[in-house]
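Student: I should like to understand the terms used for this structure. May we go through them one at a time, with reasons?

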Amino acid sequence: MDLTARLADLDARIADAAGTAGRDPSEITRIVVTKFHPASLVTDLHALGVRDVGENRQQELSAKHAELAALPGLTWHFIGQLQTKKARAVRVAAQAVHSVDRDRVADALHAADPDGDPLDVLLQLNLTDDPGRGGVAPGRLEALATHVLQACPSLRVRGVMAVAPLEESPAAAFARVAAASDDLRRLIPDARWISAGMSGDFVDAIAAGATHLRIGTAITGPRPDRG
Ligand SMILES: *Cc1c(COP(=O)(O)O)cnc(C)c1O
């Protein structure tokens, strides 16, 4: 299959999964994760109608964003672990940051452009017991959300993001994400985004209510070596 066929196939599988879950596929945003691929892949995807793309490293995001500035209508999603010293560059290039997981990261994103256009952010949950994996522990989600609300007025909290751990079934993991989303919406009623689901588990994510899928290899094919 070539890129056109893989994209069409994936979108058909998203529509199927949405149908099975009794959901409208138009409420699901399919982000194509283009990390490690050249900017030309984003150009090819754009020609096929893709507008939402995801990157997980700041340098690569910034480089592609600059190279492709002439492509109209792209939305860049930053999905990787974020260091505070990279926050300014991420804010320049991304329209949505899925990986806010601690107060200092939120503070740095806010300080990068306190009076600028609001930046869409998601609070990343860590579904493992390993603090090194990125994400806030579910029990600390409300405290983080409260901090962003009170201290970071240029950030707009849109919802939660998570990566399903390998050691748990995706369905069980995404049920915990849905519960965390409910908790968050008690605090911020319109924070409805749920960013969950990758190439291997997006069907389970759709069943659990995901609104934003982050799909890489199923659309792009294997990633080149990171070099
Ligand atoms: C790479 C990546 C994806 C996409 O993974 P695939 O298995 O290639 O679909 C999704 N989310 C995050 C956070 C990633 O880093």
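**Reading the terms in a predicted model**

Tutor: Let us begin with Ser-181, which has its place in helix H7, residues 170-187. Please keep in mind that the model is a predicted one.

Student: Why is Ser-181 called buried?

Tutor: Buried means under 20% relative accessible area. Ser-181 has 1% relative accessibility, and therefore it counts as buried. Setting aside neighbours within four places in sequence, Ser-181 is in contact with Val-160 and Ile-194.

Student: What makes these two residues contacts of Ser-181?

Tutor: Contact means heavy atoms within 4.5 Å. Val-160 and Ile-194 are in contact with Ser-181 in that sense.

Student: Which residue does UniProt list for "modified residue: N6-(pyridoxal phosphate)lysine"?

Tutor: The UniProt record, an unreviewed entry, lists Lys-35. In the model, Lys-35 is in the loop between strand E1 (29-33) and H2.

Student: Is Lys-35 buried or exposed, and how do you know?

Tutor: The cut-off for buried is under 20%. Lys-35 counts as buried because its relative accessibility is 16%. Not counting residues up to four places away in sequence, Lys-35 touches Gly-54, Glu-55, Asn-56, Glu-60, Lys-64 and Arg-223.

Student: Where does Lys-35 lie with respect to the largest pocket?

Tutor: Lys-35 is one of the residues that lie nearest the centre of the largest pocket, together with Val-163, Ala-164, Met-198 and Arg-214. That pocket is lined by 29 residues and has a volume of about 690 Å³. By class, the lining has eleven nonpolar, twelve polar and six charged residues.

Student: What is notable about phi of Phe-36?

Tutor: Phi of Phe-36 is near 70 degrees, a positive value in a residue other than glycine. Phe-36 is in the loop between E1 and H2. With 17% relative accessibility, Phe-36 counts as buried, since the cut-off is under 20%.

Student: Which residues does the annotation "domain: Alanine racemase N-terminal" cover?

Tutor: According to the unreviewed UniProt entry, the annotation covers residues 37-224. Over residues 37-224 the chain is 40% helix and 18% strand, and the end C-alpha atoms are 7 Å apart.

Student: Which residues of helix H3 are buried?

Tutor: In H3, residues 58-67, the buried residues are Gln-58, Glu-60, Leu-61 and Lys-64.

Student: Why are they said to be on the same side of H3?

Tutor: They cover an arc of only 165 degrees around the axis, and therefore they are on the same side of H3. A general point helps here: an α-helix has 3.6 residues a turn, so residues three or four places apart point the same way. On the other side of H3, Ala-66 and Glu-67 are exposed. The cover over the buried residues of H3 includes helix H2 (39-47), strand E2 (52-55), strand E3 (75-78) and helix H4 (87-93).

Student: Which residues of helix H6 are buried?

Tutor: In H6, residues 141-151, they are Leu-141, Leu-144, Ala-145, His-147 and Val-148. The arc they cover around the axis is only 160 degrees, which puts them on the same side of H6. These buried residues pack against strand E4 (96-100), H5, strand E5 (119-124), strand E6 (155-161) and H7.

Student: What makes Asp-107 partly exposed?

Tutor: Partly exposed falls between the cut-offs of under 20% for buried and over 50% for exposed. Asp-107 has 30% relative accessibility, so it counts as partly exposed. Asp-107 is found in helix H5, residues 103-112. Residues up to four places away in sequence left out, Asp-107 touches His-147, Ala-151 and Cys-152.

Student: How far apart are the C-alpha atoms of Asp-107 and Thr-84?

Tutor: They are separated by 8.5 Å, although the two residues are 23 residues apart along the chain. Thr-84 is found in the loop between E3 and H4. Because its relative accessible area is 30%, Thr-84 is partly exposed.

Student: Why is Val-105 called buried?

Tutor: Val-105, in helix H5, has 1% relative accessibility and therefore counts as buried. Leaving aside neighbours within four places in sequence, Val-105 is in contact with Leu-82, Thr-84 and Val-100.

Conventions: Residues are numbered from 1 along each chain as its sequence is written. This is a predicted model: local features need pLDDT of at least 70, side-chain atom pairs count only at pLDDT 80 or more; totals for chains, interfaces and linings use all residues. Side-chain values use heavy atoms; hydrogens and water are left out. Buried means under 20% relative accessible area, exposed over 50%, partly exposed in between (1.4 Å probe, protein chains only). Helices (H or I, at least four residues) and strands (E, at least two) are DSSP runs, numbered from the N terminus. The arc is that of the directions from the helix axis to the C-beta atoms. On a 1 Å grid over the protein atoms alone, a cavity is a set of points where a 1.4 Å probe fits but cannot get out, and a pocket is an open set with protein on both sides within 12 Å along at least five of seven lines; lining residues have an atom within 4 Å of a point. Grid points are joined across faces, edges and corners, and a volume is the space filled by probe spheres set on the points. Ala, Val, Leu, Ile, Met, Phe, Trp, Tyr, Cys and Pro count as nonpolar, Asp, Glu, Lys and Arg as charged, and the others, Gly among them, as polar. UniProt positions are given in the numbering used here, feature names are shortened, and annotations may be inferred rather than shown by experiment.
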